[in-house]
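Q: Please take a close look at a single part of this model and describe it in one connected account. I would like the angles, the contacts and the reasoning behind any descriptive word that you use.

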Amino acid sequence: MLKVLDSAVPVACWSCAVAHNDATLFCPHCSKIQPPPGGDYFSVFGLVPHLDLDLSELEHEFHRLSRKLHPDRFARAADNEKQWSLADTALLNDAYRTLREPIHRTEYLLKLHGAAIGEEHSGKDRKDPSRVPADLLEEVFELNMQLEEMRAARKMGETDAELQASLEQAKRKFDGLMDEVDHDLRAQWKAWDEGDAGARAAAQKAMVALLDRRRYLNNLVRDVTETLGA
Amino acid sequence: MAYSDRVIDHYNNPRNVGTLDKSSTEVGTGLVGAPECGDVMRLQIRVNPETQVIEEAKFKTFGCGSAIASSSLATEWIKGRKVEDALAIKNTDIVKELSLPPVKIHCSVLAEDAIRAAIGDWKKKNGVAETVESTAAAQ
């Protein structure tokens, strides 16, 4: 669960009483374990929020912190330290799982900046036409029709080679479109990471639209794969 | 989450599923989608050119039960109405009729968009001046 405390707020270490930034898992002064810090998942790894992450560095840091936090190391520690090692480990795992996966990471960062993503979006700003991938609708609809036909034929024990070929072609096409979206998303990562406030706002908008498009494509590819594999 | 009886009724017995001839000048087609859940909805109307009454309405929706029920209800409501009267249907009317929960409100928005898009398409084909609202929805 994400805490939304301000990570810049200094807290006094429970052990040595020296003030430290709340985002840290261990006191920089006395090295003692700290209660689960506020702030975001990036700050757990000592990172500022950004999208073009070095994954091998992230993994390396994850393993290092995991070892340091491991409950076995706190077997003889005080009760509250034992609890913190469990809680910090859970937080670290959540943070790592979210940040290492590109789409989750992007969605997470956008949510941190107030974007409404996916199902949580209430439909209030649906009048914004940029949210609907209009060029896709026609194809999405056609493909759904073909999928329905294919399933109906299957039920009757028939196989339609032509339909099958057409679906396989569609799948390749949508896979390709998905690659394009991922490529565009990476370009927006850079724009966000390196941009000023204005460029960031533009990149955020673009990423929300790309993620919508991606969700569409992802559902389609899933449905086609399911139907073809049935 | 449980669907209301009205949703289940429309889902099990959807009214007016089907296709109208897209190329006919009397037919308007609205194709809309909801990026939130990947739903896609096509709603078509056939308008009597003399009376401007929507004589036929058909839909085809790929999506969840609420999306299907919303479009089914929408076709039921617009049939027999004059074009301008059909535009008066609001998504909140659909929400009320189907008792849609907050997370499914976007399904009703989609149905309203589909009505507007279909009417917008018909108006474009027939050179009818567009109202401000339907211009926005038809794009």
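A: Helices and strands here are DSSP runs numbered from the N terminus, a helix being a run of H or I with at least four residues and a strand a run of E with at least two. The model is a predicted one, and the part taken up here is the sheet of chain B, together with the helices that pack around it.

Chain B contains six helices and three strands, and read from the N terminus its elements follow the order α-β-β-β-α-α-α-α-α. Of its 139 residues, 50% count as buried. When contacts in chain B are restricted to residues at least 6 apart in sequence, 61% of them join residues at least 24 apart.

As background, the strands of a sheet pair through backbone hydrogen bonds, in either a parallel or an antiparallel arrangement. In chain B, three strands make up an open sheet in the order β1-β2-β3, and their pairing is antiparallel. Its edges are formed by β1 (27-34) and β3 (54-62) of chain B, each of which pairs on one side only. From one strand to the next, the twist averages 15°.

The pairing of β2(B), which spans residues 39-47, with β3(B) is antiparallel and extends over eight bridges. Within this pairing, M41(B) stands opposite T61(B) of β3(B). Helix α2(B), residues 65-78, packs on the sheet by touching β2 and β3 of chain B, and its direction makes about 175° with that of β3(B). Helix α5(B), residues 105-126, lies across β1 and β2 of chain B and runs at about 145° to β1(B).

One backbone detail belongs to the loop that links two of these strands. Most residues other than glycine have a negative phi. Q52(B), although not a glycine, has a positive phi, near 65°, and this residue is located in the loop between β2 and β3 of chain B. Is Q52(B) buried, exposed or partly exposed? A residue is buried with 20 or more other C-beta atoms within 10 Å and exposed with 12 or fewer; Q52(B) has 16 such atoms within 10 Å and is therefore partly exposed.

The remaining question is how α2(B) meets its helical neighbours. A packed pair of helices is described by the angle between the axes and the distance between them, and both values can be given for two partners of α2(B).

With α5(B), the axes of α2(B) come within 8 Å and cross at roughly 40°. Angles under 35 degrees would count as roughly parallel and those from 65 to 115 as roughly perpendicular, so α2(B) and α5(B) are oblique to each other. Their crossing is right-handed. On the side of α2(B), the residues in this contact are S66(B), A67(B), S70(B), S71(B), A74(B) and I78(B), and they meet C107(B), S108(B), L110(B), A111(B), A114(B) and I115(B) of α5(B). Sorted by class, the contact of α2(B) with α5(B) comprises eight nonpolar and four polar residues, with no charged ones.

The second partner is α4(B), residues 91-98, which packs with α2(B) at an angle of about 110°, the axes lying 10 Å apart. This angle falls within the range of 65 to 115 degrees, and therefore α2(B) and α4(B) are roughly perpendicular to each other. The crossing of α2(B) and α4(B) is right-handed. Here α2(B) contributes A69(B), S70(B), L73(B) and A74(B), while α4(B) contributes I94(B), E97(B) and L98(B). The residues of the contact between α2(B) and α4(B) comprise five nonpolar, one polar and one charged.

Taken together, these lists place α2(B) against several elements of its chain: α2(B) touches β2 and β3 of the sheet, meets α5(B) at roughly 40°, and packs with α4(B) at about 110°. S70(B) and A74(B) are listed in the contact with α5(B), and S70(B) and A74(B) are listed again in the contact with α4(B).

Key
Residues numbered from 1 in each chain as written. Chains lettered and ligands numbered in written order. Predicted model: local features only at pLDDT ≥ 70, side-chain atom pairs only at ≥ 80, totals over all residues. Pairing = 2+ DSSP bridges. Axes fitted to C-alpha atoms, helices over the stretch in contact; angles between N-to-C directions. Contact = placed C-beta atoms within 7 Å. Parallel < 35°, antiparallel > 145°, perpendicular 65-115°, else oblique. Left-handed = near helix turned anticlockwise from the far one by under 90°. Nonpolar A, V, L, I, M, F, W, Y, C, P; charged D, E, K, R; others polar.
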